[in-house]
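This report describes how the strands and helices of one protein chain are arranged, and then turns to a few individual loop residues. The sequence and the structure come before the discussion.

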Amino acid sequence: MNNKIIIINGPNLNLLGEREQSQYGSVTLKELKEICAKKSNELGLKIEFAQSNIEGELVNIIQESRKKFDGIIINAAAFTHTSVAIRDALDVFKKPIIELHISNIYKREDFRHKSLISDIATGGIFGLGVDGYILAINSMQKLLQNGN
């Protein structure tokens, strides 16, 4: 494989730019894809973008990623706090994983303070808005470059 990563987005992130702009900003998912594609291209990374509101579809995407990708950047959204199935799929990945959240989950409701995937992720980015995606791409490129 050659520095191929997937950025996976969970439920309701298809509504970026429309929902709770105070938490998530005004950038749409389409615009975010374009921003990420541009940054990845600059760094010599090949990316795919995936989004689903359905837990089982996300599990399938993660499982299929084992053979196709060198790293995962995942914003599991609400499934971060509830999905053992997504956690288990990520645990089998065995390559770099960056957990990402646009908002700071630790400054929100108590139920959002527990991430089921943080302990298996290589690292995490929280509360930096959509800029967190650029930071995650930069970090993933360095992880892959260093053979992590």
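In strand E5, isoleucine 125 is the bridge partner of leucine 100. The model in which this pairing appears is a predicted one, and the pair belongs to the parallel contact between strand E4 (residues 97–101) and E5, which are joined by four bridges.

**The sheet**

E4 and E5 belong to an open sheet of five strands in the order E2-E1-E3-E4-E5, with parallel pairing. Its edge strands, each pairing on one side only, are strand E2 (46–51) and strand E5 (123–126). With direction ignored, neighbouring strands of this sheet are turned against each other by 15 degrees on average. Strands of a sheet pair through backbone hydrogen bonds, either parallel or antiparallel.

Strand E1 is mostly covered, since five of its six residues are buried. Six bridges join E1 to E2 in the parallel sense, while E1 and E3, also running parallel, pair over five bridges. Isoleucine 6 takes part in both of these pairings, standing opposite glutamate 48 in E2 and opposite isoleucine 72 in E3.

**Helices on the sheet and against each other**

Helix H2 (residues 29–43) lies across strand E1 (4–9) and E2, and runs at about 160 degrees to E2. Helix H5 (residues 131–145) also packs on the sheet, where it touches E1, E3, E4 and E5, and its direction makes about 170 degrees with that of E4.

How are H3 and H4 oriented relative to each other? Helix H3 (residues 55–68) and H4 pack at an angle of about 5 degrees, their axes being 9 Å apart; because angles under 35 degrees count as roughly parallel, the two helices are described as roughly parallel to each other. On the H3 side the contact includes Leu58, Val59 and Ile62, and these residues, among others, meet a set in H4 that includes Ile86, Leu90 and Phe93. By class, the contact of H3 with H4 has nine nonpolar, two polar and two charged residues.

**Residues in the loops**

Four loop residues are set out below with their relative accessibility.

| Residue | Loop | Relative accessibility |
|---|---|---|
| Proline 11 | between E1 and helix H1 (21–24) | 10%, buried |
| Alanine 77 | between E3 and H4 | 15%, buried |
| Histidine 81 | between strand E3 (71–75) and helix H4 (84–93) | 14%, buried |
| Lysine 94 | between H4 and E4 | 66%, exposed |

Proline 11 counts as buried because its relative accessibility of 10% is under the 20% cut-off. Leaving aside neighbours within four places in sequence, proline 11 is in contact with Gln51, Ser52, Asn53, Leu58, Ala76, Ala77, Ala78 and Phe79. The C-alpha atoms of proline 11 and glutamine 51 are separated by 7.5 Å, although these residues are 40 residues apart along the chain.

Histidine 81, which counts as buried at 14% relative accessibility, reaches the backbone oxygen of lysine 114 with its side chain at 2.9 Å.

Most residues other than glycine have a negative phi. Alanine 77 has a positive phi, near 50 degrees, and lysine 94, likewise not a glycine, has a positive phi of about 60 degrees. Which of the two classes, buried or exposed, applies to lysine 94? At 66% relative accessibility, lysine 94 counts as exposed, whereas alanine 77, at 15%, counts as buried.

Technical notes:
Residues are numbered from 1 along each chain as its sequence is written. This is a predicted model: local features need pLDDT of at least 70, side-chain atom pairs count only at pLDDT 80 or more; totals for chains, interfaces and linings use all residues. Side-chain values use heavy atoms; hydrogens and water are left out. Buried means under 20% relative accessible area, exposed over 50%, partly exposed in between (1.4 Å probe, protein chains only). A polar contact is a pair of N or O atoms within 3.5 Å; within protein, one must be able to donate a hydrogen and the other to accept it, and residues adjacent in sequence count only if both atoms are side-chain atoms. Axes are lines fitted to C-alpha atoms, for helices over the stretch in contact, and angles run from 0 to 180 degrees between N-to-C directions. Angles under 35 degrees count as roughly parallel, over 145 as roughly antiparallel, 65 to 115 as roughly perpendicular and the rest as oblique. Contact means heavy atoms within 4.5 Å. Ala, Val, Leu, Ile, Met, Phe, Trp, Tyr, Cys and Pro count as nonpolar, Asp, Glu, Lys and Arg as charged, and the others, Gly among them, as polar. Two strands pair if DSSP finds at least two bridges between them.
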